[in-house]
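Biologist: Hi, do you have a moment to go through this model with me? I'd like to ask a few quick things.

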Amino acid sequence: MLHNIKDNYITSVNNYIQNFDDNSFRKLAGKDFKSWPDPLEETWRLSRLGSLSRKKIEPISLDAQEPIMSKLNVVGSNTIKFINGAFRKDMSSNLPKGVSLSELNESESLTFLSKIKNSNLKNHPSANASLSCTPSIVKLSVDKNAKIEELLEIHFEGGVESSSVHPVLFVELNENSSLSIIERFNHIGSLIMPLQLIEIKDYASLNSIKVFDDSHESYNLAAHCIIMSHKSLLNSFSLIKGSQFTRSETHAYLNGTNAKLNLNGVYISGNKQHHDLTTAIYHNVEECISKQIVRGVLGGESTGVFQGKVKVAPNAQKTDGQQMSKAILISDKASANAKPELEIYADDVVCAHGTTVGELDDDQLFYLNSRGITKDKARLILIKAFLLDIISESVEETLHDFIFNEAQSALSSILKDKIEEFV
């Protein structure tokens with residue numbers, strides 16, 4: 001029987017965990033990693049992994065050579081560093097009072113595995129591969145009633161060619177606590193497989209920003225599981241701009257009444273990049289709110305994907321679930337795909353979705369041209385306004401300029417004209 005080249009990475013993961021106990025969380029996760037997602041599978045049809053599956057990649061060794069640091073400018077008061085998927089205490093700052101960070105032991109890791117396996121991430125390649133190959137599962141916990149005012153910044157960096165990186169993070173906000181974090185992905189490796197579980201307990205709130213800016217040769221398959229309790233709040237915003245292929249997949253479970261979720265994002269794609277924001281929100285109880293706004297700007301031969309599903313359980317009356325996706329194509333060879341989906345089993349709900357894909361509005365361009373603004377500058381003004389709107393709505397004031405500048409830097413790579421200061 002001929003060896004299938006698509007089995008190479010799966011074999012390398014199995015080799016990585018072969019010396020662990022059969023009942024360890026690593027072995028239990030690894031036994032479920034039997035294949036890459038089938039291109040005929042509906043949720044992966046628009047983001048196929050055929051090219052990735054044929055690459056020769058192995059999980060990164062814990063003693064891998066120290067990578068060249070990207071020298072990210074720090075915007076938060078406290079910084080946590082993950083290098084090659086491993087938490088680096090020696091490179092991280094002290095945490096504010098009320099916040100703790102630890103590495104899970106085997107028993108705790110098995111509990112973590114169980115939570116992932118009870119979610120719809122159970123067959124995700126990043127769930128199985130990263131739980132098999134992560135250096136450790138790191139838990140970030142906020143104490144009950146702790147209101148953390150300082151911004152916490154998490155850097156995920158490192159990687160080497162032909163290797164995969166596996167950071168696994170568990171974020172826990174206990175009752176009536178609050179936290180703001182910004183996560184920045186800036187790897188140089190071939191494959192990055194972040195896995196994250198977020199649990200937000202009663203009356204707790206989290207502001208979360210993610211910036212995906214890995215090297216243009218890399219693949220990033222981020223997977224997130226969110227569990228929300230009574231009157232919890234999550235404001236989440238993702239900016240995807242780097243890598244050859246980035247898919248950020250989020251499954252959110254609204255399990256407590258009056259939970260509120262804002263799950264917004266922007267992707268800015270050029271050359272032959274492929275960027276995918278996939279979400280699934282499960283309204284399991286009554287009187288919860290979820291809102292999603294996604295914007296995309298695509299140039300070159302890039303492709304963008306938004307897949308958003310809202311599922312409302314039979315007893316989840318008074319649900320409010322909204323989705324809106326808009327994409328602007330600035331190249332004839334770029335394309336965008338949107339697949340919003342509503343699955344509703346309750347009758348007293350307010351749910352809606354909408355999507356638009358197209359070029360810049362000719363009437364708006366003509367209006368600006370008629371006032372002496374060149375066509376190229378008019379295009380730039382309209383694109384910036386398109387992005388500024390969602391960034392202003394989604395991002396805290398203290399981080400607004402930083403995120404907008406990050407978006408502008410991505411625009412500069414797909415537009416010919418130099419980005420000027422937006423007035």
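Modeller: Happy to, and what follows is a chat about a predicted model.

Biologist: Let's start with the open sheet of ten strands. What order do the strands come in?

Modeller: The order is 3-2-6-9-12-14-16-18-20-22, and the pairing is mixed. Strand 3 (86-87) and strand 22 (349-358) are at the edges with a single partner strand each, so one side of each has no neighbour in the sheet.

Biologist: How many bridges join strand 14 to strand 16?

Modeller: Eight bridges, and the two strands run parallel. As an example of who faces whom, leucine 239 is opposite valine 266 in strand 16.

Biologist: Which strands does helix 8 lie across?

Modeller: Helix 8 crosses strand 9, strand 12, strand 14, strand 16 and strand 18, at about 30 degrees to strand 16. Helix 7 lies across strand 14, strand 16, strand 18 and strand 20 (319-329), and its angle to strand 18 is about 155 degrees.

Biologist: What's the reach of helix 8, first C-alpha to last?

Modeller: It reaches 27 Å with 18 residues (397-414), close to the 26 Å expected at 1.5 Å a residue.

Biologist: And which of the helix 8 residues are buried?

Modeller: Among them are Leu399, Phe402, Ile403, Phe404, Leu411 and Ile414, and the buried set also includes His400, Glu406 and Gln408. The partners that the buried residues of helix 8 pack against include helix 7 (375-394), strand 9 (178-187) and strand 18 (289-298).

Biologist: Switching to strand 17. How many of its residues are buried?

Modeller: Ten of the ten, residues 274-283, so strand 17 is largely enclosed by the rest of the structure. Both faces are covered: one side has His274, Asp276, Thr278, Ala280 and Tyr282, while the other has His275, Leu277, Thr279, Ile281 and His283.

Biologist: Which strands does strand 17 pair with?

Modeller: Strand 15 (residues 245-254) pairs with strand 17 in the parallel sense over ten bridges, and ten bridges also join strand 17 to strand 19 (residues 303-312), again parallel. Looking at single pairs, isoleucine 281 in strand 17 is the bridge partner of alanine 252, and histidine 274 is opposite threonine 303 in strand 19.

Biologist: Now asparagine 255. Where is it found?

Modeller: Asparagine 255 sits in the loop between strand 15 and strand 16. With a relative accessible area of 38%, asparagine 255 is partly exposed.

Biologist: What does asparagine 255 touch, leaving out residues up to four places away?

Modeller: Ile227, Met228, Asn284 and Val285. With asparagine 284 there is a side chain to side chain polar contact of 2.8 Å. Histidine 230 is 25 residues from asparagine 255 in sequence, with 7.3 Å between the C-alpha atoms.

Biologist: How about serine 141, is it buried or exposed?

Modeller: Buried: its relative accessible area is 8%, and the cut-off is under 20%. Serine 141 lies in strand 5 (residues 137-142).

Biologist: Which side chains make polar contacts with the serine 141 side chain?

Modeller: Glutamate 172 at 2.9 Å and asparagine 174 at 3.4 Å. Beyond four places in sequence, the contacts of serine 141 also include Gly98, Val99 and Ser100.

Biologist: Last one: which residues are buried in helix 1?

Modeller: In helix 1 (residues 8-16), Tyr9, Ile10, Ser12 and Val13 are buried. Down the axis of helix 1, these buried residues fall within an arc of 160 degrees, so they line one face of the helix. They pack against strand 1 (58-59), helix 5 (125-133), strand 7 (163-165) and strand 10 (191-192).

Definitions and conventions: Residues numbered from 1 in each chain as written. Predicted model: local features only at pLDDT ≥ 70, side-chain atom pairs only at ≥ 80, totals over all residues. Heavy atoms only, no water. Helix = DSSP H or I, 4+ residues; strand = E, 2+ residues; numbered from the N terminus. Expected span 1.5 Å × (residues − 1). Buried < 20%, exposed > 50% of the residue type's maximum accessible area, 1.4 Å probe, protein only. Contact = heavy atoms within 4.5 Å. Polar contact = N/O pair within 3.5 Å; in protein donor to acceptor, adjacent residues only side chain to side chain. Pairing = 2+ DSSP bridges. Arc of directions from axis to C-beta. Axes fitted to C-alpha atoms, helices over the stretch in contact; angles between N-to-C directions.
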